[in-house]
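Trainee: Could you take me through this model step by step, beginning with how a surface patch is read?

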Amino acid sequence: MSNKSTKGIWKVISASSMGTMIEWYDFYIFGSLAVVISTKFFPSDNPTAAFLSTLATFAAGFVVRPFGALFFGRLGDLIGRKYTFMVTLLLMGGATFLIGCIPSYETIGFMAPLLVLLLRLLQGLALGGEYGGAATYVAEHAPKGQKGYWTSWIQTTATVGLFISLMVILITKNVLSKEAFEEWGWRVPFWVSILMVIVSYFIRKNMHESPVFAKAKSEGKTSTNPLKESFGNKYNLKFVLLALFGATMGQGVVWYTGQFYAMNFMKTVQCIDSSQVDTLLGIALLIGTPFFIVFGWLSDKVGRKYIMMGGMLLAIICYRPIYKAMYQTTDLTLKSEIVANTTTVPSMKEVDATKTDSIYTTNKAYTDGTTVEEIKTKHFEAGKLMLDDKGKDKIETKITKTITNHDRMLLMFLVFLQVLFVTMVYGPIAAFLVEMFPTKIRYTSMSLPYHVGNGIFGGLLPAISTYFVTSSKDAGNPEFYLEGLWYPIAIAAICFVIGMIYIDRKINTLHE
């Protein structure tokens with residue numbers, strides 16, 4: 001490959017990657033701030049229900065991604081790759097900025113969650129058209145036999161987007177006080193995204209159309225009805241279904257378990273201070289990201305199938321031991337409390353003329369250096385303790401653990417292992433999908449299985465798994481924290497079996 005050709009494809013990757021990274025950043029700040037957002041856009045009388053509603057709203061953006069894939073995939077196969085994913089970039093960026101401008105639930109009531117849901121749906125539609133365009137665009141510039149390596153650079157953008165979102169949130173938290181961040185500072189990461197989108201737009205504006213698509217268009221070989229040719233043709237539909245059930249379905253749940261579920265698990269189940277979680281997760285992602293390139297390159301040499309299937313198999317086998325080790329790292333029943341250092345400070349907060357909150361803040365210290373802040377809030381109305389929806393005393397408990405360096409390092413390693421599984425299944429997937437479909441319907445055909453696998457099966461994971469965990473906890477299951485893993489394990493196992501049986505290595509060269 002000549003220096004001129006290398007320089008050219010690096011320009012393509014830089015332009016495509018930057019825009020895609022920004023779109024992932026936009027999408028992730030909502031998930032990263034789910035705990036805070038649940039208190040701003042949803043009723044505060046039931047924190048668990050509010051958090052689950054936030055995750056459901058987050059998932060809604062994933063559910064509509066297949067529709068975005070169909071709509072923008074069709075446009076991409078009709079008018080071209082470049083202009084289509086410029087539109088998706090602007091749509092995504094505008095929706096993200098506006099989420100940061102929506103007044104809270106206390107100000108505008110149910111209009112707040114309704115507006116958030118609407119903008120999340122717009123984000124999902126835009127992202128549904130973005131990834132297929134970027135992956136197709138890069139693949140159609142890549143030399144023969146090197147699609148895995150070059151498209152793997154696009155695969156890094158999702159993790160880099162999450163990493164940058166964590167860093168922006170972390171910096172904002174450090175610059176502002178805790179009170180200021182929870183009051184209005186959480187909006188800053190949403191506002192910042194519009195600046196990055198503007199920069200990316202001008203970079204993409206100067207890009208040229210994909211040479212493969214331009215050639216097909218000049219020769220009159222583009223599709224007049226991409227949707228019909230993609231899904232109305234039995235031969236092509238077979239490959240769409242194989243891509244979904246034999247690859248992207250499992251890839252989606254492994255991806256979201258290793259990043260989003262791990263983050264929510266540490267914040268909501270282990271109750272670790274969110275800044276510590278963001279830091280250790282960010283470092284684990286930073287260390288793991290180069291392996292996308294490694295496995296993308298390796299897939300050019302040995303084929304995509306066994307690398308992707310190997311990542312799924314490792315996830316199936318290792319998830320429960322990994323999460324059990326994570327939970328035990330901060331399990332207070334396994335630590336020794338320094339009782340003499342325990343302090344409790346009571347306080348009162350008047351909510352309105354008839355309602356008051358009785359707040360007890362307890363600080364505990366443990367021999368290994370772990371510290372815990374426990375805030376119990378009792379809600380009173382007209383002098384009587386209020387009841388929750390189950391008829392029990394309405395007492396809310398919020399626990400925040402500040403963990404030791406040793407525990408942080410162990411958790412970082414356990415998260416890194418999950419990221420490694422992600423790189424195995426995700427690194428080769430773009431090249432795998434591109435090679436399955438012909439140029440004239442590639443954007444449409446590859447986008448749908450990718451976004452159903454990631455948007456439906458992967459995007460629903462946080463809400464489904466969190467529901468399993470909270471239900472098992474209420475039932476008194478001592479290992480409730482592992483119940484949420486059954487969903488990704490089951491989906492990955494089904495995908496692994498289908499992929500091993502039906503995916504043929506010849507797919508790697510089908511439309512290269």
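Mentor: A patch is made of residues with over 30% relative accessible area and no salt bridge (a side-chain nitrogen of Lys or Arg within 4 Å of a carboxyl oxygen of Asp or Glu), where like charges are joined within 9 Å and nonpolar side chains (Val, Leu, Ile, Met, Phe, Trp, Tyr) within 5 Å. Accessible areas come from the Shrake-Rupley method with a 1.4 Å probe, and for residues only the protein chains shown count as cover. Here, in a predicted model, Tyr 306, Val 497, Met 500, Ile 501 and Tyr 502 form a nonpolar surface patch with about 550 Å² of accessible area together.

Trainee: Which helix gives the most to the nonpolar patch?

Mentor: Helices are DSSP runs of H or I with at least four residues, numbered from the N terminus; helix 21 (residues 486-502) gives the most, with 4 residues.

Trainee: Is Gln 270 buried or exposed?

Mentor: Buried means under 20% relative accessible area, exposed over 50%, and partly exposed in between (1.4 Å probe, protein chains only). Gln 270, in the loop between helix 13 (234-269) and helix 14 (274-288), counts as buried because its relative accessibility is 0%, whereas Ile 501 is exposed at 57%.

Trainee: What does the side chain of Gln 270 make a polar contact with?

Mentor: A polar contact is a pair of N or O atoms within 3.5 Å; within protein, one must be able to donate a hydrogen and the other to accept it, and residues adjacent in sequence count only if both atoms are side-chain atoms. The Gln 270 side chain makes such a contact with the side chain of Thr 330 (2.9 Å), and reaches the backbone oxygen of Met 326 at 2.5 Å.

Trainee: What limits apply to the reading?

Mentor: Residues are numbered from 1 along each chain as its sequence is written, and side-chain values use heavy atoms, leaving out hydrogens and water. Local features need pLDDT (the predictor's confidence in each residue, from 0 to 100) of at least 70, side-chain atom pairs count only at 80 or more, and totals for chains, interfaces and linings use all residues. The protein chain averages 83, with 89% of the residues scoring at least 70.

Terms used. Helices (H or I, at least four residues) and strands (E, at least two) are DSSP runs, numbered from the N terminus.
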